[in-house]
Amino acid sequence: MILEFTLNNRERSVSIEPGDKLPHTLKSLGISSVRNSDDGWGFAGSDTVLVNGVPMNANLMLSAQAAGKAITTVEGLSDSPEMTVIQASMVDAGVVQSGYNAPAAVLMIHDLLRRIPEPGREDIDDALSSLYNRATGYKQFYNAVDLAVGRMKDPEYSIKLADSFREDLDFVGKSMRKVDGRKLVKGERVFVEDRVETGSLIVKMLRSPHASAYITSIDVSAAEALPGVEIVLTHENTPDVYFTPAGQTFPEPSPYDRRMFPKKVCHVGDRVAAVAAESEELALKALSLIKVEYDVQPPVLSIDKAEAPDAPIIHKSEIVYEVGAPDNLDDMNKNADPRDGRIEYQFPIGADPHRNKAASVSGSIGDVEKGFAEADVILERTYRTSQVQCTPLEPHVVYTKMDGDRLVIHASTQVPWHVRRIVARNLGISENLIKVIKERVGGGYGSKQEILLEEVCAYVTWKTGKPAYFRYTREEDFTASVTRFPMKVRVKLGARKDGTFTAMYMDLKANTGPYGNHCLTVPMNGCSKSLPLYLCDNISFDVNVFYSNILPTGAYQGYGAPKANFALQTAVGELAAELGMDLMDLVQKNRVHSGDMLEILKCLGEGREGEAAEIESCGLGPALEQGAEMIRWGEKAESADPDIRIGKGFAMVQQGSGLPGLDQSNAIVRLMTDGSVMILTGGADLGTGLDTLCVKVAAEVLRMDPSRISVLSGDTDATPYDTGAFASSGSYFSGGAVKNAAEDLKRRILEASAQFLGCDADSVRLERDERIIGSAGETDFRSLAHAMAAGDGPGQLIGQAVFTSDKASFPYGAHFAQVAVNIRTGAVKVQKYYALQDCGTPINPELAEGQVYGAVLKSIGHSLYEELILDGTGRCVNANLRDYGVPMIGDLPEEFEVKLVQTDDPYGPYGAKSVSEIAVNGAAPAIANAIYDAAGVWIREWPMSPEKVLRALGTIQEKL
């Protein structure tokens with residue numbers, strides 16, 4: 001049939017098929033801004049269009065429903081390459097980070113201001129109520145709307161968007177438009193899905209219906225015979241290579257316990273087979289024709305069952321060590337089952353997979369038994385955390401194609417270099433035959449540190465020679481991506497009557513699920529980012545990690561720290577109650593300060609021997625002081641409602657800035673022939689503003705306008721190596737490498753200028769605006785660059801540098817919460833939340849604040865309502881955004897503020913430390929302490945649901 005409608009003020013006539021959805025038709029007409037985050041449910045708002053001026057979800061419309069209507073997408077708001085007032089206001093406010101549904105937000109605000117020229121907060125909440133934004137926590141949308149309203153009346157209108165820092169610098173510490181902001185808000189082609197060429201194969205995966213089973217037979221003949229099916233992959237025709245999907249620095253501490261396609265499936269949703277076909281419909285039909293028979297095994301779905309003596313064994317695999325094999329390895333392998341394949345360890349990590357132990361480690365300083373013997377009060381409590389999902393707006397996705405004899409991978413990834421390495425291992429080819437291009441990432445939060453689908457799509461292309469596209473559905477993202485490790489943490493604290501800690505012990509048990517990616521490092525990070533917050537001479541910990549058949553786990557923002565910090569900080573709150581002390585007094589008596597030596601870190605080296613570290617900068621003092629003042633600590637808040645009790649709580653937080661001694665970043669800074677500058681960095685900007693940070697750092701060093709500097713990042717052919725965007729490494733390592741490379745270019749510019757001007761090198765200096773002054777005259781970047789690249793010139797001026805460090809740089813923070821507890825319903829509402837973060841020098845203040853807002857809202861979500869729910873067979877019953885319950889704009893605290901506390905760190909670029917990851921560590925303990933202050937009960941388990949509150953209050957009975 002022929003559809004006639006108006007698209008972006010232009011009459012269109014296009015042929016459609018019955019059942020076509022509107023986004024399909026829009027894409028065929030060149031529209032790239034309408035995206036799908038939730039399998040067409042219309043929940044996330046990424047597919048918003050204006051239909052006759054009214055916002056609607058395109059995925060809920062058939063194309064035929066557009067007949068005779070006016071459809072407007074963000075492309076239709078302006079014919080100019082410049083941003084509209086609304087688009088510019090959003091970028092300036094710092095609310096555009098991953099940007100996956102930024103075009104949808106533009107349309108929603110456009111409609112809002114058309115209807116209500118001067119909207120209030122409730123109007124904004126209503127207008128954006130269908131927008132899911134995981135990155136920035138919504139708060140800055142109020143600034144964006146304020147800016148847009150004011151600028152429509154007065155183009156010069158401005159408001160304070162964020163504090164400024166470092167008056168001695170020109171760009172660092174000041175607000176500046178994100179360098180990729182314009183193309184994100186205008187909906188340009190910047191994501192993996194935008195690179196897919198017509199005619200590419202579509203890859204779909206057949207997944208296991210069982211949590212644990214052996215594949216006894218698989219018949220793909222009918223699927224292979226279907227016209228349009230290019231290839232079907234199973235364990236029978238794919239490489240017998242074992243690997244870890246964890247994008248970590250090689251040699252990885254994660255076991256190589258995964259095969260491209262296994263003979264034994266270990267969770268509901270595990271890989272069984274893949275089909276690559278000419279269309280999605282054909283691929284799905286082919287999957288339905290595959291016949292599989294299983295030998296179903298009993299599932300193991302909890303830590304307690306996994307460590308039981310009679311527990312079913314998840315991996316009866318042959319155990320192989322590269323180095324450090326135990327003396328009894330032959331005995332350990334006597335009962336290995338060939339159907340389970342192999343587990344390869346690069347070095348020992350305390351594993352015993354035939355007893356379901358994926359990893360283990362213990363450590364201590366001082367004499368813990370003696371410390372507890374000296375205590376006047378000993379408190380011992382156990383805390384549990386649930387399984388939660390990263391839920392990035394853009395599902396996991398990859399596109400692969402051949403370029404001659406080389407494989408090109410367009411990836412949404414945090415670790416392009418590890419993608420290349422791990423794909424090369426699986427395909428059995430050398431890395432020089434693979435090029436990885438990191439496209440804009442529509443949200444990652446740790447989950448895109450994993451290589452979850454790239455090697456399958458790459459194998460399809462390598463075997464067929466044809467381009468291939470593989471995109472997870474939202475259900476697959478829930479069931480076959482990665483989640484937070486569920487943990488069971490026992491904390492034991494000893495203290496004297498005056499509150500001085502005498503001993504601390506943490507027994508941390510983690511559930512790694514079916515595979516061991518990050519199984520050592522996530523739990524260890526929990527210890528290393530919580531225990532060092534307090535000074536104590538006697539500290540010990542035990543970490544034990546178990547395999548099970550729950551959904552896969554892996555990296556998620558915070559990387560273990562949110563769980564262990566919840567346990568430790570809540571235990572400190574309970575200890576304060578036992579001692580009859582104010583929590584603030586107890587914390588201040590025992591917390592760390594600048595200059596303290598963290599001896600416990602000697603035991604926490606992530607698969608290697610650790611080192612004690614001195615705290616060079618610590619903003620805890622001003623953060624605690626300012627936060628206490630903001631929330632009026634010590635003043636009891638009362639409610640007029642007799643069912644409501646109001647309470648206050650707080651928690652300290654700590655993280656790292658990359659992994660000293662392990663991570664490495666490299667950068668190149670080139671002087672172009674017109675005097676402008678190009679940065680080449682392997683760093684992966686996930687929407688956090690890393691590219692913008694690199695431009696500002698280089699501009700600061702070279703004293704030039706940032707608009708004259710461009711950045712190319714995350715391309716393994718064009719840029720130098722970078723470990724990747726994880727472990728809070730971006731600002732510190734990638735930014736540090738760019739600063740070092742810019743300094744190297746500056747040195748070369750000064751040396752070349754001295755020769756060019758004919759004067760002594762010591763007399764030459766850089767001035768602003770690309771001017772170079774020497775004792776014999778002056779020149780500028782353009783003239784110098786032209787002379788260097790001329791026929792008789794010495795060559796282009798290029799700065800190159802590496803950043804490595806053995807110095808730890810710790811960000812700190814204090815989070816304060818005020819909650820209202822309804823003692824009749826058990827409901828908990830966060831009324832106020834103040835996050836005070838020490839990130840050294842905030843290089844991008846408005847973006848840093850946005851990252852903190854987003855991280856806090858994630859942690860409020862996992863504290864109060866987010867949870868993956870599995871039935872008794874291991875099947876997830878809420879594997880979609882609607883039922884899972886992600887926080888939306890209506891879930892914001894009534895008062896929600898982020899304050900950046902500046903400290904001067906000696907190691908990061910211009911004193912910068914990390915900022916975003918740390919902010920997920922505070923909400924759970926702050927809220928738990930606030931609930932106790934309000935209602936007198938301790939909730940020791942995520943999520944702190946109304947049911948758990950009522951059980952703690954004794955209103956309803958404990959579950960049998």
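## A walk through the model

Start by selecting E307, which is partly exposed, with 30% relative accessible area. Keep in mind as you go that this is a predicted model.

Now add K509 to the selection. The two side chains form a salt bridge, 3.2 Å from N to O. E307 sits in the loop between α9 (303-306) and β14 (318-321), while K509 belongs to strand β23 (residues 501-513), so the bridge ties together parts 202 residues apart in sequence. Unlike its partner, K509 is buried, at 18% relative accessible area.

**Next stop: the loop between β9 and β10.** Select F250 and P251 and look at the bond joining them: a cis peptide, with omega about 0°. P251 lies in the loop between β9 (242-243) and β10 (258-259). Step along to E252, which is in that loop too and pairs with R421 of helix α12 (residues 416-427), 169 residues apart. Their salt bridge spans 2.8 Å, N to O. Buried or exposed, these two charged partners? E252 is buried, at 1% relative accessibility, and R421 also counts as buried, at 17%.

**Stay on α12.** Pick R420, which makes a salt bridge to E431 with the closest N and O atoms 3.4 Å apart. R420 is in helix α12 itself, and E431 is in the loop between α12 and β20 (434-438), 11 residues apart. E431 is partly exposed, at 32%, whereas R420 is buried, at 15%. Then light up D240, R259, R342, E344 and R425 together: salt bridges with shared partners join them into one network. Show every salt bridge in the whole structure and you should have 67.

**Two odd backbones.** Most residues other than glycine have a negative phi. R632, however, has a positive one, about 60°; find it in the loop between α18 (620-631) and β27 (644-654). Y910 does likewise, with phi about 55°, in the loop between β37 (895-901) and α24. R632 is exposed, at 54% relative accessible area, but Y910 is buried, at 15%.

**Last stop: the core.** Select W942 and P943 for another cis peptide bond, with omega about -25°. P943 is in the loop between α24 (923-935) and α25 (946-953). Move on to M944, whose contacts include F566, L864, I927 and V949. Along with M90, M506, F816 and I927, M944 is among the residues with the most contacts inside the largest nonpolar core, which has 178 residues. Apart from that one lies another core, of 47 residues, including I709, L766, F803 and I843.

Methods. Residues are numbered from 1 along each chain as its sequence is written. This is a predicted model: local features need pLDDT of at least 70, side-chain atom pairs count only at pLDDT 80 or more; totals for chains, interfaces and linings use all residues. Side-chain values use heavy atoms; hydrogens and water are left out. A nonpolar core is a set of buried Ala, Val, Leu, Ile, Met, Phe, Trp, Tyr and Cys residues joined through side-chain atoms within 4.5 Å. Buried means under 20% relative accessible area, exposed over 50%, partly exposed in between (1.4 Å probe, protein chains only). Contact means heavy atoms within 4.5 Å. Helices (H or I, at least four residues) and strands (E, at least two) are DSSP runs, numbered from the N terminus. A salt bridge is a side-chain nitrogen of Lys or Arg within 4 Å of a carboxyl oxygen of Asp or Glu. Lists of a residue's contacts leave out its neighbours within four places in sequence.
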